[in-house]
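Hi everyone, thanks for coming. I'd like to walk you through a structure that may be new to you, so let's bring it up on the screen.

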Amino acid sequence: MWNDVKEFSLDRICRERSLIEQMLEIQDFQRARLKSFTWMKSLICLSADNTPTSATARSFAEHTTEGTVLHEVKANLFDKQQFQYVTISYPWHPAPYESGKRKNFRIRTIEGDEHPSVVRDTIMRRAVHYVQHHHLKGFWIDRQCLDQEDTEKHQIAMHSMDRLYAESPCSVGMLTTKVDHQWKLNALRALLDGSLFRGTGDETVVALPPSLELAGFWRVLKWFVRLVSDPWWRRCWIFQEEYCAGWKMFVLIPCEPCLQQNTPEFGTMRGEIETPAVELRTQLTVFALACQRDARLDAKQKHFVQRTILHKAERYQTSYQLGRHWGHTLSSIIIADLQRRRIKYPRDFLAISANCCTYGRRLDEKALEQHDGVSLGLSLFVQALLNGEILVNQKHTSRAFRRGFAAFFHQQIFNAVQPPMGMDTLTFLKRCRFTNVQLCQEGIATTGYLWRITDALDIGNAEARYQFPAHGSFTRSCDSLRTCLKQLAQRIASSHPSLASRLGRFISDMKARDNSTVRDEFMMAMAKEVARAWSERRRLVIGELPSHGTGCGLFVAPDLRDLPRHVFTSWHNASGSPFRDIQELVDKHVSLELDVEAEPSGRGLPRLRTKRWINGLYFFSQTAEQKVVFPWPDSFL
């Protein structure tokens, strides 16, 4: 397998064999059960019980006694009462200004053997200091605690690393860039308390304060650039660790102890600043977006901010709430961020991207690596399609240019989702995927419901309509929704009695829907979108399942000038527990307006071309899903 992630090109890949032939071949490298949780129930951790404490040393960072022994112990990650260990996230190789010596710590194995630590002393000292300061039992650190020689166990652990960091009660990322001046500490405090930027009355707009002098601004910006240029921000594996840990990841930033007076917001560890990684990312993102919207900065300066801050420390949810990445699939954003980072073994890109994107179906990167002529970029693309990523498959699409795999992925994957009311979150975007996917010669085969649009409701102005509020309390929102839907059901009772009856039953059951399940949450959000469209006199269209006659639905037409003719929907409910279904870890839903092509031979599966996202509320009773195929675009043939 050759690494073409940075210089991905379809023309190069297709020089000797057709693209579809290669994709179908790569599909055969799927391997079940690459993810396992068994090994996490007896996780090898390091106990710091017998190491010197702050009572015997003014700062553990000053402790340099050779031969400090840490003991291996086994712990069950899923025993929340007993597991009092922290997972350590750090770059394996020292920074240019950091010592790489490994002589002060020794490891005593469970079997009783003793050997030197493979992790450098600077990291081990800080890990033990953190454990003792927070009164924990010990820590887990991958290079020391994970068997690097057993390739089978290592591969399974690698594919399960997302769950390790997600389930761990606490993780710590160790930066090495030091806060060595008071102004740097003040700038960091101003960043985290939000005083470096200001609101404008609009929740989606932030700005730099007018009083900020540009000379001081550039000094602060360069300090932040240096901070996010720390090796910890530049590795693919560490990106995965931080992303999967979420709010449970804290970063430690070395700080001169004499600067730490009156800084309780930075923790109480001597010589360390401790802050949630998500909070640091959030404030860096807001600061960077405020810079990009400031008229005092020119285009070149704004690009510098994007390249140096957003490309390294962006928080997706914050950017999304402030209007960036709207409608884009989360996977395409993650792939772009991974491509910008360093990785020792390119094959690991498959496992890391699968972990970050919550892909259940995995490709065996070890087996693929043994095959010459297999493209890593194309393997990443196949893995994404197998996990339900929606392909833009309009007939006339151009082949991607040479700008790396991330640009190709962004171009080919559907990035125009229009979330329903109250569901404008990245979680909703992550769930926009096909189910039961199989790649075939004709295209992407999947299952779902193919609706035929049979009628459009009149949007005349004669009748008064209840105004559905865009905001308000949950109780008020539900009351308004019920009132609006009742009015809509009465409007269609004579012309579409079956749909009106289904809508009436939905209204009656609304009290029982407490959004406790993802399905209920999805249905309520779609109901709100339909109600809002009705109150705003937007066009609603009615869909039926022609092959069954047992389904009906209401969809919000995206464009009055071009009403939809067909809609494809699908739904997959994840098991709810990763232990029961490791292969499908995420709920999935799709609601697409599309074109239906005539099958050339008059037989076979319906052939569908994606057009745009469409929101709607639909009902069916014990109706079997239909198998369909989304043909490959012309550029793939």
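Let's begin with one residue, Leu545, which is buried, with a relative accessible area of 2%. Before I go on, please keep in mind that this is a predicted model. Where does Leu545 sit? It is in the loop between strand 14, residues 540–544, and strand 15, residues 551–556. Leaving out residues up to four places away in sequence, Leu545 touches Tyr449, Leu450, Trp451, Gly551, Phe620 and Thr623. There is also a long step along the chain here: Leu545 and Arg452 are 93 residues apart in sequence, yet their C-alpha atoms are separated by 6.3 Å.

Now let's step back to the whole chain. It has 637 residues, and 56% of them count as buried. You can find 21 helices and 20 strands in it. Among contacts with a separation of 6 or more, residues 24 or more positions apart account for 75%.

Another residue with a distant partner is Val382, in helix 16, which covers residues 376–386. Is Val382 buried or exposed? It is buried, because its relative accessible area is 0% and the cut-off for buried is under 20%. Which residues does Val382 contact, leaving aside neighbours within four places in sequence? They are Met23, Ile26, Gln27 and Leu439. Of these, take Gln27: it is 355 residues from Val382 along the chain, and the two C-alpha atoms are separated by 6.7 Å.

Next, the nonpolar cores. The largest one has 86 residues, and those with the most contacts inside it are Ile88, Phe139, Phe224 and Phe287. Helix 10 gives the most to this core, with 9 residues. Apart from that core lies another, of 83 residues, and Leu363, Leu385, Ile390 and Phe636 are among its members.

Let me zoom in on Phe224. Not counting residues up to four places away in sequence, Phe224 touches Ala187, Leu188, Leu191, Leu196, Leu284, Phe287 and Ile309.

Phe224 also takes part in a meeting of two helices. Trp183, Lys184, Ala187, Leu188 and Leu191 come from helix 7, and they meet Arg219, Val220, Trp223, Phe224, Arg226 and Leu227 in helix 8. If you look at who is in that contact, there are 8 nonpolar residues, no polar ones and 3 charged ones. What about the geometry? The axes of helix 7, residues 182–192, and helix 8, residues 214–228, come within 10 Å and cross at roughly 85°. That makes helix 7 roughly perpendicular to helix 8. A general reminder while we are looking at helices: an α-helix has 3.6 residues a turn, so residues three or four places apart point the same way.

Back to helix 10, residues 277–292, where we find Thr282. Thr282 counts as buried, at 11% relative accessibility. What does its side chain reach? A polar atom there lies 2.7 Å from the backbone oxygen of Val278. The side chain of Thr282 also makes a polar contact of 3.3 Å with the side chain of Arg315. Beyond residues up to four places away in sequence, Thr282 touches Arg315 and Thr318.

A second buried residue with polar partners is Arg341, which has a relative accessibility of 7%. You'll find Arg341 in the loop between helix 13, residues 330–339, and helix 14. Its side chain reaches the backbone oxygen of Lys312 at 2.7 Å, and a polar atom of that side chain lies 3.1 Å from the backbone oxygen of Trp233. Residues up to four places away aside, the neighbours that Arg341 touches include Arg234, Arg235, Cys236, Phe239, Arg281 and His311.

My last stop is helix 5, residues 151–159. Which of its residues are buried? They are Gln155, Ile156, Ala157, Met158 and His159. Those buried residues pack against helix 6 (161–167), helix 9 (236–245), helix 14 (348–356) and helix 15 (365–369). At the start of helix 5, a side-chain oxygen of Asp150 reaches to within 3.2 Å of the backbone nitrogen of Glu152.

That's the tour. Thanks for listening, and I'm happy to go back to any of these spots on the screen.

Conventions: Residues are numbered from 1 along each chain as its sequence is written. This is a predicted model: local features need pLDDT of at least 70, side-chain atom pairs count only at pLDDT 80 or more; totals for chains, interfaces and linings use all residues. Side-chain values use heavy atoms; hydrogens and water are left out. Helices (H or I, at least four residues) and strands (E, at least two) are DSSP runs, numbered from the N terminus. Buried means under 20% relative accessible area, exposed over 50%, partly exposed in between (1.4 Å probe, protein chains only). A polar contact is a pair of N or O atoms within 3.5 Å; within protein, one must be able to donate a hydrogen and the other to accept it, and residues adjacent in sequence count only if both atoms are side-chain atoms. Contact means heavy atoms within 4.5 Å. A nonpolar core is a set of buried Ala, Val, Leu, Ile, Met, Phe, Trp, Tyr and Cys residues joined through side-chain atoms within 4.5 Å. Axes are lines fitted to C-alpha atoms, for helices over the stretch in contact, and angles run from 0 to 180 degrees between N-to-C directions. Angles under 35 degrees count as roughly parallel, over 145 as roughly antiparallel, 65 to 115 as roughly perpendicular and the rest as oblique. Ala, Val, Leu, Ile, Met, Phe, Trp, Tyr, Cys and Pro count as nonpolar, Asp, Glu, Lys and Arg as charged, and the others, Gly among them, as polar.
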